[in-house]
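Please look at the sequence and the structure shown here, and then follow the explanation below step by step.

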Amino acid sequence: TGCFTYDPGFTSTASCESKITYIDGDKGILLYRGYPIDELAEHTTFLETAYLLLYGELPTKVQYDAFKLRITRHTMLHEQMNRFFSGFRRDAHPMAIMVGVVGALSAFYHDSIDIRDPWQREMASIRMIAKMPTIAAMAYKYSIGQPFVYPKNELDYSANFMRMCFAVPCEEYEIDPVLTRAMRRIFILHADHEQNASTSTVRLAGSSGANPFACISAGIACLWGPAHGGANEAALMMLEEIGSVSRIEEYVRRAKDKDDPFRLMGFGHRVYKNYDPRAKIMQKTCHEVLAAVGHQDDPILKVAMELEKIALSDEYFIEKKLYPNIDFYSGITLKALASPPTCFTVLFALARTVGWIAQWKEMIEDPSQRIGRPRQLYTGATERAFVPMDDRH
Ligand code: CMC
C-alpha cells in the first residue's frame, strides 16, 4: 500500500538540497563551492579547502591563520584514548580501529555533542578535523608495533600527518616536498563528493539527532566497503594480481563476462559517465611520486597504464561509459608514499571527514531538516493467522 517511488540505489532521488559540491557526471566536472577541483588541488592547502567546504568561501589570510590555530590547538588526543588502541589486536584492520576510536570520541568530548548548540557543533567540527590525522597515524603505528608519534603543529596538515606515520624515535624525519604535495592533493581530491554512500550515511545518522562523532563513525563504516572507499586497496591488489601486461586481456575478458562477477576495480562510477576529473589529477600525481621515489619503472604502473588504454578502447567499456575513477591510480600512488594497502581507506576517511562534517552541519542548520525515513515496497506475505509452534510443519 502507499504511493512511493521505487528507486533502488537512489539513482534518481535527490535526498537534500546542498550548496557544497557540484558534479556534472557527463562532462566530468567537479566543483567545491563553485571552484574547479583541479585549481583547488593545485593552489590550496588542505586546510584552505577545508575552510571553503565548511564555511562556503575561501579564507582571507587572517581567517586562514585563525582557522589553522583553532585546528592545531586540538590535534592531540585525550591521553586516556591512547590506551584504547591497545585493546585491539595488532593485526586488526585499521578501518575497524577507526570506526571504534572515532565513535568513542563522543565518550571523551562531552562539550561537543549537543547538536542544538552552534558552539558545540563548531567544536565538534574543529576537533574532528584536527584529530583525524592523529587517530589515523596511531592506528597505523599500532599495527606495525611502533610507538605513537605526537603531532608537530608548526608543520602543514599533510606533512604533520606523514611525520606522525613515518617518523621513528632517535632519527631525524625529513619532509619531502614532492611527497607532501602528493598527500595534500590526495586529501583535497577526497575531501567531498556530494551525496555518495558514506555522506548519505552521515546525513541519515545525523538526521535523528545523533552526535557528530557517532555520525562520522557510521560514515567510516560505510566507506570501508570495496564498492566505495575500499576500491583503492582492491584496485592495487587487482593490478598486482594481473602482474604483467601480457595478462591484461584475460582480466578485461573476465570483466566483460556476464557470468563472471569480476569487475575491474577502479573503473566505473555511479555519477561520472566521463573521465573522473579526480583520476586525471591522480594519474599526474602518481607519475610525480613514482619518479620522486625512483619507481618510475614500477611494473604495476605499466600494467595500470596499459589496462587503462585497452579498456578505454574496448566497446564494452565505451558503451557502458566506464572510465578510470580516482581509486585506479591512488592505490599505486599511496603504495609509493609508503602507505600499506590496509591504510589506503583510512586516508580516504581522514580527508572525507571534512566533507562529512560540512554536509552534516549544512543539514543540521537547515530549518526544513527532518529525520530521514525512506519507505519501501513491501513484497512479503499478506496478513495470515498465527500458527502455534506444535502445529507448524
Ligand atoms: N568492471 C566491469 N563492468 C562494470 C564495472 C567494472 N568496474 N562497473 C560497472 N560495470 C558494468 C556492470 O556490470 C553493469 O553492467 P550491466 O548493465 O550489463 O549489468 C553496468 O556496468 C552498470 O554497473 P552498475 O553496477 O549498475 O553501476 P553502479 O552505478 O551501480 O556502480 C560502481 C558504480 C562504482 C559501484 C561500479 O562501477 C563498480 O563496482 N566499480 C568498481 C569498484 C570501484 O572502482 N569503486 C570506486 C568508486 S569511485 C570512489 C568512490 O566514490 O568511493
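What follows concerns the packing of a pair of helices and then the surroundings of the ligand.

The model is a predicted one, and a convenient place to begin is helix α2, which spans residues 46-55. Of the 10 residues of α2, 8 are buried, so this helix is largely enclosed by the rest of the structure. The buried residues are Phe46, Leu47, Thr49, Ala50, Tyr51, Leu52, Leu53 and Leu54. After α2 comes Gly56, and the phi of Gly56 is positive, near 95 degrees.

Two packed helices are described by the angle between their axes and the distance between the axes. For α2 and helix α17, the latter formed by residues 344-364, the axes come within 8 Å and cross at roughly 20 degrees. Because angles under 35 degrees count as roughly parallel, α2 and α17 are therefore roughly parallel to each other, and the crossing in which α2 passes α17 is right-handed. On the α2 side the contact is made by Ala50, Leu53 and Leu54, while α17 contributes Val354, Gly355, Ile357, Ala358 and Lys361. By character, the residues of this contact divide into 6 nonpolar, 1 polar and 1 charged. Ala50, Leu53 and Leu54 also appear among the buried residues of α2.

An α-helix has 3.6 residues a turn, so residues three or four places apart point the same way.

Turning to the ligand, how many residues surround it? There are 21 residues around the ligand, and the closest are Ala231, Arg263, Phe267, Gly268 and Arg270. The shell around the ligand divides into 8 nonpolar, 9 polar and 4 charged residues.

Technical notes: Residues are numbered from 1 along each chain as its sequence is written. This is a predicted model: local features need pLDDT of at least 70, side-chain atom pairs count only at pLDDT 80 or more; totals for chains, interfaces and linings use all residues. Axes are lines fitted to C-alpha atoms, for helices over the stretch in contact, and angles run from 0 to 180 degrees between N-to-C directions. Helices (H or I, at least four residues) and strands (E, at least two) are DSSP runs, numbered from the N terminus. Angles under 35 degrees count as roughly parallel, over 145 as roughly antiparallel, 65 to 115 as roughly perpendicular and the rest as oblique. A crossing is left-handed if the near helix is turned anticlockwise from the far one by less than a right angle, and right-handed if clockwise. Two residues are in contact if their C-beta atoms, placed from the backbone, lie within 7 Å. Ala, Val, Leu, Ile, Met, Phe, Trp, Tyr, Cys and Pro count as nonpolar, Asp, Glu, Lys and Arg as charged, and the others, Gly among them, as polar. A residue is near a molecule or strand if its C-beta atom, placed from the backbone, lies within 6 Å of it. A residue is buried if 20 or more other C-beta atoms lie within 10 Å of its own, exposed if 12 or fewer, and partly exposed in between; C-beta atoms are placed from the backbone.
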